[in-house]
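Subject: Structure for your files

Hello,

Here is the structure I said I would pass on. My notes on charged pairs and the surface follow below it.

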Amino acid sequence: MKEKKLWGNINAVVALLVLLFMLVPIIVIFVNSFNSSQFFSFPPEGFTLKWYERFLENREYKTAIAVSLKIATLSVLVALLLGIPASYGIYRWKSPVSKVLSSLFLSPLMLPGIVWAIGLIQYYSIVNLTGTTAGLVAAHIILILPYVIRLVLSSLSYLDFDTVNAARTLGATSGKAFLKIVLPAIKPGVIISAIFGFMVSFNDVTISTFIAGTKNLTYPVRMYVELRTEGLDPLAVAVSAVIMAFTIVIALLAEKFWSWSKYL
Amino acid sequence: MSFLEIRGIVKDFDDTKVLQGLDLDVEEKDILVLLGPSGCGKTTLLRIIAGLLDPDSGSMTLDGKNLLEVPVEDRGIGFVFQKYALFPHMNVEENITFGLKVRKVGKDEIKKRLDDVLELVELKGYEKRKVSELSGGQQQRVALARALIIKPKLMLLDEPLSNLDAKLRTSVRVNIVRILKKLGITAIMVTHDQVEAMTMGDKVVLMNEGKISQEGRPKDIYFDPDNLFVAEFLGSPKINVLKVESGCMNGINVGKEMLSKWTGLDERAIPDGTFYLGVRPEYIAPADDGIKGKIEHVEISGADTNVHMELLGSGCVMRVSSGSVEYSEGNDVAVAFRSGSCYLFDSSGKRIR
């Protein structure tokens, strides 16, 4: 009995330590975004809002965030439009070929991004896609697609295909049965892959650095460039804090309205 | 011409021949039951009729119209799936009215038909329930209502009772027949359960390995089996089958005279060579001057008692009313077959008439 209690306590301590380890960077960023010092220091030297003011005035960061949001949104939409029918095809067409196809679709997950990026630069320079929005979106779609296909396929594995058959016998065309029965059934997979895909696109530095060009500098690329030239800019810390706050608010709202965490 | 006419349906899955040139006629307002062991092709046939599968060859007409030219969604055939296949993201009302909404039926008409069908399946008050909150029996009724509301020309039911517990089955069985008969709907039901088949079907079609083994009224196929497969499939406990080889049973010489005496058949009707003698357990009764046997095991199943015994070197079951006589294991027993109750089958299993 005593031993059990001891193990319970150890468990709790370990869990707490892991949680702390994960949370500390977030806390540090929030606290430091209000630090009056130009340089990183902990504990902070004084309270200021000037970094936030500077951010609101800074066009470059704002444009970069806008670019990131635009690229992520477009990439997710197109990846869903391609990935959902592809997954449905793999699910319906139960043959050895579909197995090969599904592992082929997942293969970008295994490839080191940097290797792929190098190939992409050369290829893009031939077809004149370097620095274009289309080129960047296309690359991000390839990054997102494996997540979409993986998650949608896993949702589809819970679909009782007789519900689709039932809809058909009740008078629904195959298209209508897809919209009314299949889509609602795979909604969890679609929502999660959209969220994941959005984060993958928003986070990507490797590929975007290689092919973004000057016109389409995404937020992480802009930050990376600044970091390389100026060092750790308190402005970047403030921007990160804003993004984080934004993410937390969205996550909480999504939880309240769709309780999305149950799909994870 | 029959209401539903099926001719020469062939269906292969890869290398497996599932249906081998099947013919079937269903009369209007009849309930036809497709009965058979699993893998006999009965569900495949049902799905072909619904249009969920295409046959490799053959033809089908429903009410005189070529069915194979009509896409699934326009066939107007109701289908009740084995696991109900209710739409999990819709409530009871949305499930039931789905078929009317996709057909763009007017709101008032939907309301009216919903009320009627809910009353029919006794689900009034459950409209807004989630289907996952319903019991198996209620889910089954939703599935039935969903198929009925489109006023189908033909209803197909795939093992509709197999997911219900035994107690519920009897009442649901009666209920389904009552509803189908009340609405005068032609129906084809698939089952592997002989009791369901016998009690629900106007006509029973017994299938085996993609072919029809026998079809007819339940009474006829039970009392007048065409072959050994049908005789063995129907009846519980199973019919007793005794093999006779040139007048011998398990090496015991019985001879035509004895066989004639036991079965009540004319000596000339008893074939030479190898054949099978079939007699149902309920047609064996104790008789003092009968065939001698030994009781191996006694099973009391309520009103009836099954007496398992060794008879002429084979295992045999006799079914008697419980309580009349005391039977105990190891005792000797003498039994006789009721006159005219024995079937003879040739070595290929075909009935010798």
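A network of salt bridges links B:Asp224, B:Asp226, B:Arg351 and B:Arg353. Please keep in mind that this is a predicted model. Over all chains, the count of salt bridges comes to 23.

One of them joins A:Asp162 and B:Arg47, with the closest N and O atoms 2.9 Å apart. This pair crosses between chains, running from helix α7 (residues 161-169) of chain A to helix α1 (residues 42-50) of chain B. A:Asp162 counts as buried because its relative accessibility is 17%, and B:Arg47 is likewise buried, at 16%.

Within chain A, A:Arg222 and A:Glu226 form a salt bridge at 3.6 Å, N to O. The two residues lie 4 apart in helix α10 (residues 219-230), so about one helical turn separates them. A:Arg222 is buried at 15% relative accessible area, and A:Glu226 is buried at 14%.

In chain B, B:Asp332 pairs with B:Lys294, the closest N and O atoms being 3.6 Å apart. That salt bridge links distant parts of the chain, 38 residues apart: B:Asp332 is in strand β18 (residues 332-337) and B:Lys294 in strand β15 (residues 284-300). B:Asp332 counts as exposed, at 62% relative accessibility, whereas B:Lys294 is partly exposed, at 44%.

As for the surface, a nonpolar patch of about 750 Å² is made by eight side chains' worth of residues, namely A:Leu19, A:Leu23, A:Ile27, A:Val31, A:Phe40, A:Phe42, A:Leu227 and A:Leu232. Helix α1 (residues 2-32) of chain A gives the most to this patch, with 4 residues. A:Val31 lies in that helix and counts as partly exposed, at 30% relative accessibility.

Regards

Technical notes
Residues numbered from 1 in each chain as written. Chains lettered and ligands numbered in written order. Predicted model: local features only at pLDDT ≥ 70, side-chain atom pairs only at ≥ 80, totals over all residues. Heavy atoms only, no water. Patch = residues over 30% accessible without salt bridge, like charges linked within 9 Å, V, L, I, M, F, W, Y side chains within 5 Å. Areas by Shrake-Rupley, 256 points an atom, 1.4 Å probe, with all protein chains shown as cover. Salt bridge = Lys/Arg side-chain N within 4 Å of Asp/Glu carboxyl O. Buried < 20%, exposed > 50% of the residue type's maximum accessible area, 1.4 Å probe, protein only.
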